[in-house]
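Grab a pencil and work through these short exercises with the model open beside you. Each task is followed by a solution that goes step by step.

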Amino acid sequence: METVRYLDYNATAPLCREAREAWLEAVERWPGNPSSPHRVGGRAERALELAREEMASLLGCGAEELIWTSGATESINAAVHHLSGTIAGELWVSAIEHPCLRAAAGRWFAGRCRVLPVDGSGVIDGEWVERSWRETPPGAVAVMAANNETGVLQPWETMAARCRDEGVPFLCDAAQWLGKQPAAGLGLCDYVAGCAHKFGGVPGVGWLKVARGFRGYLVGGPQEEGRRAGTENVPGVVASVAALRAREAWLRDPVNGNRAEARDAFEARLREASGGVGILGADVPRLWNTSAVLMPPGDCRRRWVVRLDREGFAVSTGSACSSGQEKPSHVLAAMGLDGSGERMIRVSGGWETEAGDWTALAGTLAGWLREGVGRVE
Ligand code: PLP
């Protein structure tokens with residue numbers, strides 16, 4: 001069988017062993033519908049609630065504040081939809097948010113949405129926040145925890161504290177943060193969205209931490225205290241919490257203390273091969289698993305990814321949603337790198353990635369860079 005070195009964890013992470021085992025056990029043990037009145041249903045409900053309690057304790061919030069959903073897209077849509085009916089002012093949305101947040105804001109906050117800019121490193125602009133807040137405070141703020149394209153970490157804790165002090169609802173998209181950074185503290189945000197497939201849980205499982213008074217738009221059943229209708233995915237939820245538990249333990253294990261080492265060596269080797277290579281967000285704190293490489297000018301984004309695919313490397317061009325599209329990346333544009341989208345290769349490893357995967361990719365790319373592959377004369 002063909003070997004593929006999978007370096008696209010920010011798009012989706014393969015199901016981890018702990019999640020697989022927990023899922024197999026859950027489908028056997030809890031076949032019932034958690035809303036059913038009989039004991040089989042009751043046992044499924046108990047499993048769901050135990051998972052909710054564990055998830056809430058990882059995030060640092062109350063179990064009653066957590067709603068299970070189908071993923072981060074749904075969670076974000078639900079939060080933005082709810083906010084649009086409850087706040088009077090503008091929603092500030094960082095310029096580098098995932099397309100699902102940008103689209104939700106565009107739909108429900110049409111005409112009352114402001115883009116919060118980022119600097120050249122891809123971090124939200126604190127000075128802009130201070131200045132604009134003095135002029136007209138926001139009605140609500142949405143800033144992601146870690147960017148999916150660059151891995152750059154955002155000052156969500158500071159923003160959450162500022163919003164809390166001023167009584168402004170704060171929404172944090174933690175889809176890329178969870179599992180790669182400790183979850184603790186996220187529960188202090190009013191709204192937190194996440195999904196399991198980014199850290200080796202089950203695809204199609206997500207959650208939303210909500211503030212009091214939240215009203216969802218999915219109606220039809222009494223599930224999730226009437227805040228999100230639809231039968232819950234008990235095995236998926238149980239398995240996903242097992243995955244996050246495993247990732248949190250991995251993060252705490254000192255053996256994994258130097259987790260960015262292989263990624264950093266990869267970047268150093270590319271830079272050595274060509275002075276024209278850029279690494280986005282290299283000067284600010286980033287996720288340890290992500291490298292957003294800007295190849296020298298003149299190369300076509302599609303060709304790089306296709307070429308690498310043929311060599312047995314699965315990497316991406318940017319967010320999964322814009323992969324394969326010729327549309328320029330809004331993240332690069334926000335960082336002042338308009339028109340550079342076709343040069344970007346996003347490499348994202350994971351907990352199972354071996355140093356050899358990064359080394360092999362570095363070898364292939366460095367060879368191409370030296371030979372001038374893709375260069376436009
Ligand atoms: N937010 C971020 C930062 C993401 O990277 C993604 C997935 O690409 C999403 C939201 C959407 O998540 P889901 O696939 O669970 O809808």
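**Exercise 1.** Work out which way the side chains of strand 6 (residues 170–173) point, and whether they are buried or exposed.

*Solution.* Keep in mind that this is a predicted model. Start with the general pattern: in a regular strand, side chains alternate between the two faces of the sheet. Now look at strand 6: Phe170 and Cys172 point one way, while Leu171 and Asp173 point the other way. Next, check the cover: buried means under 20% relative accessible area, and all four of these residues are buried.

**Exercise 2.** Find the strands that pair with strand 6, and say how they run.

*Solution.* Take strand 5 (residues 140–142) to begin with: 2 bridges join it to strand 6, and the two run parallel. Here Val141 has Phe170 as its bridge partner. Then try strand 7 (residues 191–195), which is joined to strand 6 by 3 bridges, again in parallel. Cys172 is partnered with Val192 there. Last, add helix 6 (residues 156–166): strand 5, this helix and strand 6 make a right-handed β-α-β unit.

**Exercise 3.** Describe what surrounds the ligand.

*Solution.* Count the shell: 13 residues, with Thr73, Asp173, Gln176, His197 and Lys198 the closest. Sort them by type and you get 5 nonpolar, 6 polar and 2 charged. Now for the polar contacts. Asp173, which you met in strand 6, has a polar side-chain atom 2.6 Å from a ligand nitrogen atom. For Thr73, a polar side-chain atom lies 2.5 Å from a ligand oxygen atom. In His98, a side-chain N or O atom is 3.2 Å from an oxygen atom of the ligand. Finally, the protein covers 88% of the 400 Å² of accessible area that the ligand has on its own.

Definitions and conventions: Residues are numbered from 1 along each chain as its sequence is written. This is a predicted model: local features need pLDDT of at least 70, side-chain atom pairs count only at pLDDT 80 or more; totals for chains, interfaces and linings use all residues. Side-chain values use heavy atoms; hydrogens and water are left out. Buried means under 20% relative accessible area, exposed over 50%, partly exposed in between (1.4 Å probe, protein chains only). Helices (H or I, at least four residues) and strands (E, at least two) are DSSP runs, numbered from the N terminus. Two strands pair if DSSP finds at least two bridges between them. A crossover is right-handed if, with the strands pointing away from the viewer, the path from the first strand over the helix to the second runs clockwise. A residue is near a molecule or strand if one of its heavy atoms lies within 4 Å of it. A polar contact is a pair of N or O atoms within 3.5 Å; within protein, one must be able to donate a hydrogen and the other to accept it, and residues adjacent in sequence count only if both atoms are side-chain atoms. Accessible areas come from the Shrake-Rupley method with a 1.4 Å probe; for residues, only the protein chains shown count as cover. Ala, Val, Leu, Ile, Met, Phe, Trp, Tyr, Cys and Pro count as nonpolar, Asp, Glu, Lys and Arg as charged, and the others, Gly among them, as polar.
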